[in-house]
Amino acid sequence: MSHSDSHAHGTTGGAHAHPPYMKVFFFLVALTIVEVAIPFVLSSNKGLAVTLLISISVVKILTIARYFMHLKFDARVLGLVACAPLVCASIMSIALLWDN
Amino acid sequence: MSSDHHALPHIETEGHFEFTNGKFAMWLLIVSDAMAFIGFLGGYMVLRIASEGTMAPLGGAWQPAWMLPMDLILTGLNTFVLICSSVTMVKALAALQDGNLGGLKKYLLLTMLGGSFFVGFQYFEWTHFIHEGITIQGLKLVDLDTAEHRAKEAGKFTSRLALAEELYGKRRFEGSGDNAPSLPEGKTAADFQSGKFNDADYLFLDLEVMNSEIADRRPVKPGVIHHAAYGIPGTTATPKGRTGAELREELEGAEGKDRGQIMENHRKEGARVANNFCSTFFVLTGFHGLHVFIGVIYLGITLIRAMQGAYHRGNSSIIEVAGLYWHFVDLVWVLLFMLIYLI
């Protein structure tokens, strides 16, 4: 996070400046509308639909974690802790691929 | 940023989000909980990928297509409500950080209402599915034989078609243009009404109707027209992508004993896929719903303490910690919604 960014979330004359929660909210709602539309619009192209849906979900998850859960503004160690399950998930996914 | 109640080594964070023991503990809880969800999702994906091709008559879909299209929109709306509750949660924190205690209480209450709505909708969805015969153990539908028996006992029996329409919905037997379901060769609607269909005819019609519904993008019901011969109601799976016509051809060409074996294979394959879907659906949505329910109680306790004046700017991290849990629940739903309902 840059110095100017950290300034945006600091204290200004007793009143706090907050992360852009409403912008994030509208962004998430817009992505959800696109998500729900995809199975109807791209029903004939399942490969593209699946790729888009997974991509949108990843963006949504990162957005929630960074802004609503404050990982963008928090100590880096919390971000590392949050990534721990991803390591386990990756190991499990590789193991399960062999199972199939 | 520093605070008197810091027991952890001082760690610099941006803005006014403190790094407290409680926050670190909540992250550890979230991480361990995430691993539980990942385990469930791993099992779900293994079963789903292994079922590829077995539901070919339904366009290769792993689940019976009964979720499309109406339920998808309703669940999308429920997802919207959960996102709204996430934004009210951060608004509650922002209000407290600004010293606005009234705002804190208002937004906490709104978050609780959003969570309660989500759980309420899930209750509605579950009861609807269970009523339709979709349970954690698999698909259990009332078949036409049972319905006919009950209707006769009640003195309300008219025809099998009327019963089928009542059980599965009138539109199920309609179609449009090229997508209209066709009857088995040499059979008429009158044969169906008078119960002159054999097992292969019922199977053929079942697949025809289901395919017609999908082609017209009409809501698809899980029920089959007749399934007593298959043992497992509600499934239209055929082994490894055979069409209804192919299966019927195979059945008609087979001797009595082989025919029984073909039907048994069909039954087993259908049962495995359908029951796997049902079980994983209820386990995943149930485990998540339990988290939302616990979150609502957690927020309720937080709201009561807020009304008692327990919170102020100096301890806003307590609200942030509660928010972390709530956003985690939202985050997991993003994944579940995509994997269960959309793909």
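Colleague: What average pLDDT does chain A reach in this model?
Modeller: This is a predicted model, and confidence isn't even along chain A. Over residues 1-14 the pLDDT drops below 50, though that stretch still has 22 contacts beyond near neighbours in sequence. Where pLDDT is low, the coordinates shouldn't be read in detail. Across chain A, 82% of the residues score at least 70, and the average pLDDT is 81.

Colleague: In what order do the elements of chain A run?
Modeller: Chain A has four helices and two strands to place. Going from the N terminus, the order is α-β-β-α-α-α.

Colleague: And what pattern does chain B follow along the sequence?
Modeller: Chain B comes to ten helices and two strands. Reading along the sequence, you get α-α-α-β-β-α-α-α-α-α-α-α.

Colleague: What share of the residues in each chain counts as buried?
Modeller: Chain A has 100 residues, and 39% of them are buried. Chain B runs to 343 residues, and there the buried share is 52%.

Colleague: Of the contacts in chain B with a separation of 6 or more, what percentage comes from residues 24 or more positions apart?
Modeller: Take chain A as a reference: with the separation set at 6 or more, 48% of its contacts join residues 24 or more positions apart. For chain B, that percentage is 73%.

Colleague: How much of the accessible surface of chain B do carbon and sulfur atoms supply?
Modeller: In chain A, carbon and sulfur account for 72% of an accessible surface of about 5600 Å². Chain B exposes about 14500 Å², and the carbon and sulfur part of that is 60%.

Colleague: Is A:Glu35 buried or exposed?
Modeller: A:Glu35 lies in helix H2 of chain A, residues 21-41. Its contacts come from both chains, including A:Leu53, A:Ile56, B:Phe337, B:Met338 and B:Leu342. Its relative accessibility is 0%, so A:Glu35 counts as buried.

Colleague: Which residue forms a salt bridge with A:Glu35?
Modeller: The side chain of A:Glu35 makes a polar contact of 3.1 Å with the side chain of A:Ser57. The salt bridge has its closest N and O atoms 2.9 Å apart, and the partner is A:Lys60. Because A:Glu35 sits in helix H2 and A:Lys60 in helix H3, the pair ties together parts 25 residues apart in sequence. Both ends are buried, A:Glu35 as well as its partner A:Lys60.

Colleague: Which salt bridge joins the two chains?
Modeller: Look at the loop between H3 and H4 of chain A, which holds A:Asp74, and at helix H1 of chain B (residues 21-50), which holds B:Lys23. Both of these residues are buried. Their closest N and O atoms are 2.6 Å apart, so the bridge you want is the one between these two, because one lies in chain A and the other in chain B: A:Asp74 with B:Lys23.

Colleague: Which residues do salt bridges with shared partners join into one network?
Modeller: B:Lys23 also forms a salt bridge with B:Glu320, with the closest N and O atoms 2.9 Å apart. That pair links helix H1 to helix H10 (residues 317-342) of chain B, 297 residues apart. B:Lys23 and B:Glu320 are both buried. The shared partners give one network of A:Asp74, B:Lys23 and B:Glu320.

Colleague: What is phi of A:His70 near?
Modeller: A:His70 is in the loop between helix H3 (46-68) and helix H4 (76-99) of chain A, and it is buried at 1% relative accessibility. Most residues other than glycine have a negative phi. A:His70 has a positive one, near 65°.

Colleague: Which backbone oxygen does the side chain of B:Thr285 reach?
Modeller: B:Thr285 is in helix H9 of chain B and counts as buried at 0% relative accessibility. Its side chain makes a polar contact of 3.3 Å with that of B:Trp126, and beyond its sequence neighbours B:Thr285 also touches residues including B:Gln122, B:Ile340 and B:Tyr341. The backbone oxygen, at 2.7 Å, is that of B:Phe281.

Colleague: How much accessible area does the nonpolar patch with B:Leu290 have together?
Modeller: B:Leu290 is in helix H9 (residues 256-307) of chain B and is partly exposed, with a relative accessible area of 45%. The other members of the patch are B:Phe293, B:Ile294, B:Ile297 and B:Ile301. Together the five come to about 460 Å².

Notes
Residues numbered from 1 in each chain as written. Chains lettered and ligands numbered in written order. Predicted model: local features only at pLDDT ≥ 70, side-chain atom pairs only at ≥ 80, totals over all residues. Heavy atoms only, no water. pLDDT = per-residue confidence, 0-100. Contact = heavy atoms within 4.5 Å. Patch = residues over 30% accessible without salt bridge, like charges linked within 9 Å, V, L, I, M, F, W, Y side chains within 5 Å. Areas by Shrake-Rupley, 256 points an atom, 1.4 Å probe, with all protein chains shown as cover. Salt bridge = Lys/Arg side-chain N within 4 Å of Asp/Glu carboxyl O. Buried < 20%, exposed > 50% of the residue type's maximum accessible area, 1.4 Å probe, protein only. Polar contact = N/O pair within 3.5 Å; in protein donor to acceptor, adjacent residues only side chain to side chain. Lists of a residue's contacts leave out its neighbours within four places in sequence.
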